[in-house]
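Trainee: I have a structure open in front of me and would like to learn how to read it. Could we go through it together?

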Amino acid sequence: MAHKVMIMVGHGTDSAGNWDCGTTLKKNGKTYTEADLMMPITTSAVKYLRRSGVTVLSDADSKNNKNVKTGI
């Protein structure tokens, strides 16, 4: 049986073209965004699953340029 999943970083650009970075945290003079923190995690998960034979759709392939509600 073939497996197919969708993994989204989330946030990104919404259907109106506005950037949504998600939750932000300012610590020690640096700003962290939810979208930036999730990108490396999502990218690693997508690579692992694809190497394992799973078909994966992901906004990480386009550097998270889509909001979850706009789809891929």
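Mentor: Happily! Keep in mind that this is a predicted model. A good start is burial: of the 72 residues in the protein chain, 25% count as buried.

Trainee: And the surface, how much of it belongs to carbon and sulfur atoms?

Mentor: The protein chain has an accessible surface of about 5100 Å², and carbon and sulfur atoms hold 55% of that.

Trainee: Which pattern does the chain follow along the sequence?

Mentor: Try tracing it from the start: you should read β-β-β-β-β-α-β. That gives six strands and one helix.

Trainee: In which sense do strand 4 and strand 5 pair?

Mentor: Strand 4, residues 24–27, pairs with strand 5, residues 30–33, in the antiparallel sense, over four bridges. For one of the partners, look at Thr24, which is bridged to Thr33 in strand 5.

Trainee: What do strand 4 and strand 5 form, and how many residues are between them?

Mentor: They form a hairpin, with two residues between the strands. Asn28 sits in that turn and has a positive phi of about 55°.

Trainee: Now to strand 6: is Ser58 buried or exposed?

Mentor: Ser58 belongs to strand 6, residues 55–58. Residues under 20% relative accessible area count as buried. Ser58 has a value of 5%, so Ser58 is buried.

Trainee: What lies 2.8 Å from a polar atom of the Ser58 side chain?

Mentor: That is the backbone oxygen of Ile7.

Trainee: And what share of contacts with a separation of 6 or more joins residues 24 or more positions apart?

Mentor: In the protein chain, that share is 60%.

Technical notes. Residues numbered from 1 in each chain as written. Predicted model: local features only at pLDDT ≥ 70, side-chain atom pairs only at ≥ 80, totals over all residues. Heavy atoms only, no water. Buried < 20%, exposed > 50% of the residue type's maximum accessible area, 1.4 Å probe, protein only. Contact = heavy atoms within 4.5 Å. Areas by Shrake-Rupley, 256 points an atom, 1.4 Å probe, with all protein chains shown as cover. Pairing = 2+ DSSP bridges. Polar contact = N/O pair within 3.5 Å; in protein donor to acceptor, adjacent residues only side chain to side chain.
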